[in-house]
Structure formats: C-alpha cells, structure tokens
Amino acid sequence: MAPGGKKHSESTAARLLGSGASGILELFTFHPVDTVAKRLMSNTEKIFGGGQAVGQSFGKLNQVVFRDAASKATLSKYLSLFPGLGYAAGYKVMQRIYKFGGQPVARDCLERHYGQSFTRMFGERNGKAMMHATAGSLIGIGEVALLPLDVLKIKRQTNPEAFRGRGLFRIVADEGFALYRGWGWTMVRNAPGSFALFGGSAFVKEFAFGLEDYNRATFVQNFFASIGGAVASLTVSAPMDVIKTRIQARSFDSPESGSAILRRMVQKEGLGALFKGLTPKILVVGPKLVFGFTLAQWFIPTFDRMLKGPGAGRQ
C-alpha cells in the first residue's frame, strides 16, 4: 500500500485483491480525465492566446479534447473519452497492484539491509521518510515492465489511426520491442515521480501529523498526505511525462527520439509546453488519490477478513 508503518498484518493475497479492486474503480471513475490530459499533452498547437478570439480558442480546445466527437451531443462526447479502455484496465490494475503491493516489499528490504545507514545519514525521522521515498523510486523504475500496456492505452487515446484495424496480438507481433519506445524517459519520469509521491506522503504524515505508525493515519490525515505527495509527484515528473506521452503517441512507423521532441518543443512552443496537461492532472489528483487510497485502505483488510474466515477480527 501507500506509505505505512513497519507492521503489515494483511496477507499478500488481500493486498493484491484490495489494490486491484481499488484500481478498477479508480479507472472507471477517472479514465475520461486521463484522456483529456493525454490529448492536451500531445497537442502541439497553441489553444489560447496568439490574438485569437475567446470563442475560437474554446472551439480549438473542444476539437483537441473530443476529436471526432467535437460536434456531437454531450453523451457522445463523454463516451469518446473512453478509447483504449481495455488497455487502460490492464495497465491500471497491474500498475496499482505492482505499486501498492511492491513498495512495502522494497521498503522492508531497504529497512532490513540499509535501515541503520538511512538513520545515520538522515536521522531517525527523516531516515524513515527517505526510506519510503527511496523504495517508491525503485518501484517506479521497475514500472517500465508495464510500458507496452501504457503505450497502447496512450495511442488509443491520442492516435487511434496507428492501430489501422489491427488487434492486440497482431500489434504485439508486428511491433515487438517498439512497444517499449520511450522506456528511458519513462524511467527518468518514474524515479523522481514515485520518490516524490511516497516521500511526500511520508513527510506529511511524519512531520505535519507526527505519526509513528503511518497505518494509523485518519481519513483526513491520509487525505492531506496523499494530496501533498501526489501534487509533488506530478509537478516533478510533468516535463518527462509530456515527452514520454509524445513519444508514445506517435505512429508506430514514425518514431522520434525524446531529445528531438524536447528540442523542437522548446523551440516552437516554449518552456511552458513542458507542463502541458498539468492543470487537469492536478485538479483531479486530489479526489483521484484520496479515492484510490481510501478504497485500498478499506478493501485490503476487508479481503483479509474474508480470506481468513468469518471468525477473523482486526489485528
């Protein structure tokens, strides 16, 4: 799960089931906003400013966000924000299981082998928070293994023409390792992003609320800790996320390196382009992470009791 204390009474199966269930519900609630953010990040033209009328700017925004459904009814526009849902489901559920279930494992490993080193280097309180952050960073780097599902999801959201009627297995057979395009930028994004996510949450719980056992945080404490960690994570990783998204959004037969994209983006769009799509992501990060974190906190012990039988109580 998210940063917690040293003791973990829930079984591995309960943690996997709880994290997976939370990922599924998070997906269906927030996938449309994720699509909007990805389409804004992959857009290369200026939407607002440049002497355009306000109506014209909003017309461009409507076209960028809703694509072919821009002139359709509201329901059709909403449904158009669900492309690549199958890929998104696979990616989101596996990503949540991996991240929420893997970070405590990495943290426990660091504590066993390097706990005293963290304490000597950062102090007892700082060392505990830094251990959470470092474990999150290591897990974030390993997330590159799930990259093909993320690539397919983003292409369905931003460049559906790249599929040209091909199914999943045909695409995998045709493209092979091309599905890992952007893996370097993904690791560069995930390392500091996951560090800030888990570290920010841990620091809020440690220093704002003075918690010794992070698992005992109240709903309100978890709310603010999640917001602090997630906003820090999104801000730190935003430039790399934009580059990664543009690499992955391009057609399979028209690849381009991240450095070339970065160079052209800064020259033509300015440094502000590195933070495209950040506003909608920050606007949704609060309810999204509180939603996912709260459900995971509830699902995991619930599944644990179900797996242990009706006589099992809270530990």
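Here are a few worked exercises on this predicted model.

**Exercise 1. Get the overall layout**

Work out how many helices and strands the chain has, and what share of its residues counts as buried.

*Solution.* Start with the secondary structure: there are 11 helices and zero strands. Reading along the sequence, you get α-α-α-α-α-α-α-α-α-α-α. Next, go to burial. The chain has 315 residues, and 51% of them count as buried.

**Exercise 2. Explore a cavity**

Find what lines the second largest cavity, and which element gives the largest share of that lining.

*Solution.* First, take stock: the structure holds three cavities of 30 Å³ or more. The second largest has about 40 Å³ of space. Now list its lining: Tyr 91, Glu 143, Val 144, Leu 146, Leu 147, Asp 150, Thr 186, Arg 189 and Asn 190. Two elements give two or more residues each to this lining, helix 6 (147-158) and helix 8 (183-208). Helix 8 takes the largest share, with three residues. Last, sort the lining by character: four residues are nonpolar, two are polar and three are charged.

**Exercise 3. Check a backbone angle**

Locate Arg 67 and decide whether its phi is positive or negative.

*Solution.* Begin with the place: Arg 67 sits in the loop between helix 2 (54-66) and helix 3 (74-79). Then look at the backbone, where phi of Arg 67 is near 55°, a positive value in a residue that isn't glycine. For background, most residues other than glycine have a negative phi. Finish with the surface: Arg 67 counts as partly exposed because its relative accessibility is 25%, between the 20% and 50% cut-offs.

**Exercise 4. Pick out a nonpolar patch**

Name the residues that make the nonpolar surface patch of about 390 Å², then classify Phe 224 as buried, partly exposed or exposed.

*Solution.* The patch is made by Phe 219, Val 220, Phe 223 and Phe 224. Zoom in on Phe 224, which belongs to helix 9 (residues 219-249). Its relative accessibility is 47%, so Phe 224 counts as partly exposed.

**Exercise 5. Link sequence and space**

Find how far apart Pro 160 and Ala 249 are, both in sequence and in space.

*Solution.* Place the proline to start with: Pro 160 lies in the loop between helix 6 and helix 7 (168-175). With a relative accessible area of 32%, Pro 160 is partly exposed. Now count along the chain, and Pro 160 and Ala 249 turn out to be 89 residues apart. In space, their C-alpha atoms are 9.1 Å apart.

Notes
Residues numbered from 1 in each chain as written. Predicted model: local features only at pLDDT ≥ 70, side-chain atom pairs only at ≥ 80, totals over all residues. Heavy atoms only, no water. Patch = residues over 30% accessible without salt bridge, like charges linked within 9 Å, V, L, I, M, F, W, Y side chains within 5 Å. Areas by Shrake-Rupley, 256 points an atom, 1.4 Å probe, with all protein chains shown as cover. Salt bridge = Lys/Arg side-chain N within 4 Å of Asp/Glu carboxyl O. Helix = DSSP H or I, 4+ residues; strand = E, 2+ residues; numbered from the N terminus. Buried < 20%, exposed > 50% of the residue type's maximum accessible area, 1.4 Å probe, protein only. 1 Å grid on protein atoms, 1.4 Å probe; cavity = no way out; pocket = protein on both sides within 12 Å on 5 of 7 lines; lining within 4 Å. Points joined across faces, edges and corners; volume = space filled by probe spheres on them. Nonpolar A, V, L, I, M, F, W, Y, C, P; charged D, E, K, R; others polar.
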